[in-house]
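Here is a structure to look at for the first time, with questions about its enclosed spaces and the terms used for them.

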Amino acid sequence: MGEEVKLFRTWSSPFALRIVWALRIKGIEYETIFEDISNKSPSLLQYNPVHRKVPVLLHNGRPIAESLVILEYIDETWKQAPLLPVDPHERAMARFWAKFGDDKILGSIWSVFIKQGKEQEEAMVPAMENLKFLEGELKGKKFFGGETIGFVDLALGWLANLIGLLEEIVGLKVVDGEKLPLLSAWMQDFGDAPIIKDNWPARDGMILKFQALRDATIAAASK
């Protein structure tokens with residue numbers, strides 16, 4: 001009897017995409033359960049009662065929540081195509097940069113996206129500072145994991161898709177190939193990898209979703 005592997009996700013969640021990519025890289029068969037976040041299923045609330053959100057991985061009846069935690073679980077459970085390096089210091093640094101992405105990069109990019117005018121210009125300063133740290137981390141490497149996609153690449157993979165979408169919606173270049181050539185090249189290489197490219201959500205749908213999110217956020221802030 002085979003293993004039971006189920007992934008609770010939404011069609012657009014960048015955090016759930018990390019898990020999709022990891023399972024595909026590992027060659028693990030799984031069942032997808034798409035959730036409606038406005039009407040969460042009893043199963044999702046049962047398996048993630050603390051945060052009540054996706055993604056949730058269910059492995060042989062046991063749930064694991066939070067995308068970076070799930071990535072490590074996947075890597076420790078299925079040893080093929082390792083995502084984290086063997087060296088303890090390199091493993092620690094991979095975790096550091098993954099957390100940096102969630103704690104610093106995501107918030108600073110989002111701030112640029114939901115601001116306008118001078119406020120947007122001011123928000124670009126910390127965003128660029130954070131992106132320059134990633135640029136430095138890519139020196140001498142094709143991917144953050146070296147020559148192959150690894151843990152940090154999956155953690156930061158949303159950049160390769162969402163940055164372009166947000167730039168199109170706002171009409172502002174955030175990742176400039178001249179100012180951030182290594183990061184720009186990484187976004188291209190990562191996004192072109194078949195296992196990544198084949199699992200992007202529909203671009204038109206993402207544009208509509210994030211345009212609506214931006215409009216709603218700006219409207220709420222102006223009240």
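**Cavities and their linings**

Q: What makes the lining of the largest cavity 8 nonpolar, no polar and 1 charged?
A: In this predicted model, the lining consists of Ile 109, Val 112, Phe 113, Ile 163, Leu 166, Glu 167, Val 170, Leu 172 and Val 174. Since Val, Leu, Ile and Phe count as nonpolar and Glu counts as charged, the division is therefore 8 nonpolar, no polar and 1 charged.

Q: Why is the largest space called a cavity?
A: The name applies because a 1.4 Å probe fits at its points but cannot get out, and the volume of this largest cavity is about 80 Å³.

Q: Which helices each supply at least two residues of its lining?
A: Helix H4 (88–114) and helix H7 (159–170) each do so, and H7 gives the largest share, with 4 residues.

Q: How many cavities of 30 Å³ or more does the structure hold?
A: There are 2, and the second largest has a volume of about 40 Å³.

Q: What makes the residues around the second largest cavity its lining?
A: Ser 12, Pro 14, Leu 17, Trp 158, Asn 161, Leu 162, Trp 200, Pro 201 and Met 206 line this cavity, which means that each has an atom within 4 Å of one of its points. Helix H1 (14–26) and H7 each supply at least two residues of this lining.

Q: How do you know the class of each residue in that second lining?
A: Pro, Leu, Trp and Met count as nonpolar, whereas Ser and Asn fall among the others and so count as polar; the lining therefore has 7 nonpolar, 2 polar and no charged residues.

Note on methods
Residues are numbered from 1 along each chain as its sequence is written. This is a predicted model: local features need pLDDT of at least 70, side-chain atom pairs count only at pLDDT 80 or more; totals for chains, interfaces and linings use all residues. Side-chain values use heavy atoms; hydrogens and water are left out. On a 1 Å grid over the protein atoms alone, a cavity is a set of points where a 1.4 Å probe fits but cannot get out, and a pocket is an open set with protein on both sides within 12 Å along at least five of seven lines; lining residues have an atom within 4 Å of a point. Grid points are joined across faces, edges and corners, and a volume is the space filled by probe spheres set on the points.
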